[in-house]
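User: I am new to this structure and would like to learn how to read its features. Please take me through them one at a time.

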Amino acid sequence: MKTKSVLLCLLMLSSFACQNVEYVPGEETTAERDSRMEWWRDARFGMFIHWGLYAVPAGEWGESKNHAEWIRTTAQIPLDTYDQFIDEFNPVKFDADQWVKLAKEAGMKYIVITSKHHDGFCLWDSKHTEFDVMSTPFKRDIMEELSEACEKEDIKMCWYHSIMDWHHPDYLPRRAWEKDRTEEGSDFDNYVGYMKKQLKELLSHYGDIGVLWFDGEWEKTWTGNYGTDLYHYVRGLQPDIIINNRVGVGRSGMAGLTESGEFGGDFGTPEQQIPATGLPGTDWETCMTMNKHWGYNRVDKDFKSTKDLLQKLADIASKGGNFLLNVGPTAEGLFPQESIDRLKAIGSWMDKNGESIYGTTASPFKHLEWGRCTQKAMEESTRLYFHVFDWPESQKLRIPGLGSETIRAFILADPQQYELKITKERDAIIIDLPDNCPDPDNAIVILDIVGDPVIYEAPKIAARTNTFTSELQISLNKTEDISDIRYTRDGSLPNESSQIYNGSFTITETAIISATCFVNNRPISATSSYKYEKVTPLPGRTVIGLKSGLKYNYYEGEWDKVPDYNGLTIKKQGVADNFNLATKEIEENFSIDYQGFIDIEFEGVYTFYLTSDDGSILYIGETELINHDGLHNATELTGEIPLGKGLHSIRISFFEKSGGNMLELAWSGPQFDRQVVKSGILQHLN
Ligand code: FHN
């Protein structure tokens, strides 16, 4: 064989070798990761489907109709009773092609379906359990039919898979109320082995899978090491698959983002909420129900409007995230009509405006009064998509602080792309709009600009508190160094003769600070404005006979909010050194009511930071300063209050239902930065 042909063969062999690149943990380059994430980042919009045995009871059990996919736990249904749903699951109206077409026509690019939810029931033909769809009268592999339908429609098939499994004998822990299911002989590593075998089925027999959406990772048996191992295992089966952060631990509750230091998979998963701002450098996807339940609930008709869903889609895309919108099919295999109606309406909007969502990146603006913005880089220009939620009556669309040279503007839905007039006013670009709004839910106005966007943010106005009792220091900051900040104290619009900011200044009376960035005496940014009010402090008291610590009353019971203590039996009472739950006797279903005094050494405005899981209410004197009541994970609310020197009564009422519990009160004042309230200044009257 001639040298040349040998070389050619070697080259061919090496190219084949490259095409079957194995996944090697830790060896993925940024470029390779970007390539793997590209379809997902461009897609922006997917369908979540929660479907399983729980569709049979459809949320109803006994007197309650508010259950859904958690029904086995929320209704405390024993395993053998729940297993009977197997004989009733026969979704004869299920049509995979119809489902996939509904998703595609809605503009969704991927479908994430519950291959197995927490109840452990498997929607595919698994060789590793009888608790699967082949044991039902339906006897069809739903995942096979769906993956084939997705293949036909070029929709990415993705699996939701619950780590938590309330059915498998080796999964731990058991449900607290399942007294009859011993943990004896259970081996969690056996369960992990079972889960891996099932994942191998799901990643071997159904084609390329776009995303593995893990869930149910929050119980103490699942660890970061299990998570990292499972991530590598799954990538080893399908190297190009994308895996969410719930494979690991450290997800900050429903905020869905992984705490630093923990392994976060490929993207964060805010649930039923949208982050307040974009998260530069972080891939994330908000998942959300259309009504109040993930799984089908027959009586839940509280569906979000199409307008609300479209504006959520725009808000999420403007922050660089994906939107995973849920459908909970019925036991017959049908999407609820309310879901179909919304999917179709969203689809008709996407037909005209999808370009403003797909393949876009986050807004270059921090805030737009009338809507949102997404953007797309072109060759020598950038296309800005303005999502106008509130069509201005003036027919003038005001884009603040845009320093870029404009090229043209037009309505995306306008087939003629009629050019709209563009003018400049102070720092803003003004686009003249037609009087007829093309879409009251979200109308897209396109503005093409030269190069990358040049945005001048309005100056930031900062002070320690929003109110003050004697004086307050004000500072102004900006994000670039080419301009001067000019400001006024009476709320008037700064102009070329207004005071130039050259360092923080003090106010001693109520003032409205307004600030704008100027270059060559021309405003280039929007104007920030904030009112700082001078207030009278609540008078402190002198109280004789105080002792250190707080009085507390301790109660046990099950509540969804801070209870009304009148008529409740006090289980225990005494003196606590601080607001720290140290006197609790159990981890769930308890409430503690703390009362005492806090000693204020210097008059001024104090900020309190109340963190709790579950609910809490902070009272200072007669003021309910922070109401952080209700069921939630450990999150913080703040409040500020002007206090005179001396003693002020303080009270925190707290309750915990289930899951983690914690309570912490921190504060900052005229003489100190944020710190946990120290025990030494808390006192009580015997
Ligand atoms: O417990 C599940 C819940 O049933 C649902 O699947 C959601 C969807 O993301 N995830 C968990 C709650 O965070």
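User: How do the side chains alternate along strand β17 (residues 472–477)?

Analyst: Strands (E, at least two residues) are DSSP runs, as are helices (H or I, at least four residues), and both are numbered from the N terminus. Buried means under 20% relative accessible area, exposed over 50%, and partly exposed in between (1.4 Å probe, protein chains only). In β17, L472, I474 and L476 point to one face and are buried, while Q473, S475 and N477 point to the other face and are not buried. This is a predicted model in which local features need pLDDT of at least 70 and side-chain atom pairs count only at pLDDT 80 or more, whereas totals for chains, interfaces and linings use all residues. Residues are numbered from 1 along each chain as its sequence is written, and side-chain values use heavy atoms, with hydrogens and water left out.

User: Which strands are joined to β17?

Analyst: Two strands pair if DSSP finds at least two bridges between them. Strand β15 (residues 460–462) runs antiparallel to β17 and is joined to it by three bridges; here A462 stands opposite S475. Strand β20 (residues 505–507) is also antiparallel to β17, again with three bridges, and L472 stands opposite I507.

User: Why is strand β14 (residues 443–450) described as largely enclosed?

Analyst: Seven of the eight residues of β14 are buried, so the rest of the structure largely encloses this strand. Strand β9 (residues 381–388) pairs with β14 in the antiparallel sense over eight bridges, with F386 opposite V445. Strand β11 (residues 406–411) and β14 pair over five bridges, also antiparallel, and A409 faces L447 across that pairing.

User: Is V247 buried or exposed?

Analyst: V247 counts as buried because its relative accessibility is 0%. This residue lies in the loop between β5 (242–243) and β6 (285–288). V247 and L230 are 17 residues apart in sequence, and their C-alpha atoms are 7.1 Å apart in space.

User: Which residues form the negative surface patch?

Analyst: A patch is made of residues with over 30% relative accessible area and no salt bridge, like charges being joined within 9 Å and nonpolar side chains (Val, Leu, Ile, Met, Phe, Trp, Tyr) within 5 Å. A salt bridge is a side-chain nitrogen of Lys or Arg within 4 Å of a carboxyl oxygen of Asp or Glu. The negative patch consists of E144, E148, E151, D154, D208 and D240. Among them, D208 is in the loop between α7 (188–202) and β4 (211–215), and D208 is exposed, with a relative accessible area of 67%.

Conventions: Accessible areas come from the Shrake-Rupley method with a 1.4 Å probe; for residues, only the protein chains shown count as cover. Lys and Arg count as positive and Asp and Glu as negative; His and the chain ends are not counted. The place of a charge is taken as NZ of Lys, CZ of Arg, CG of Asp or CD of Glu.
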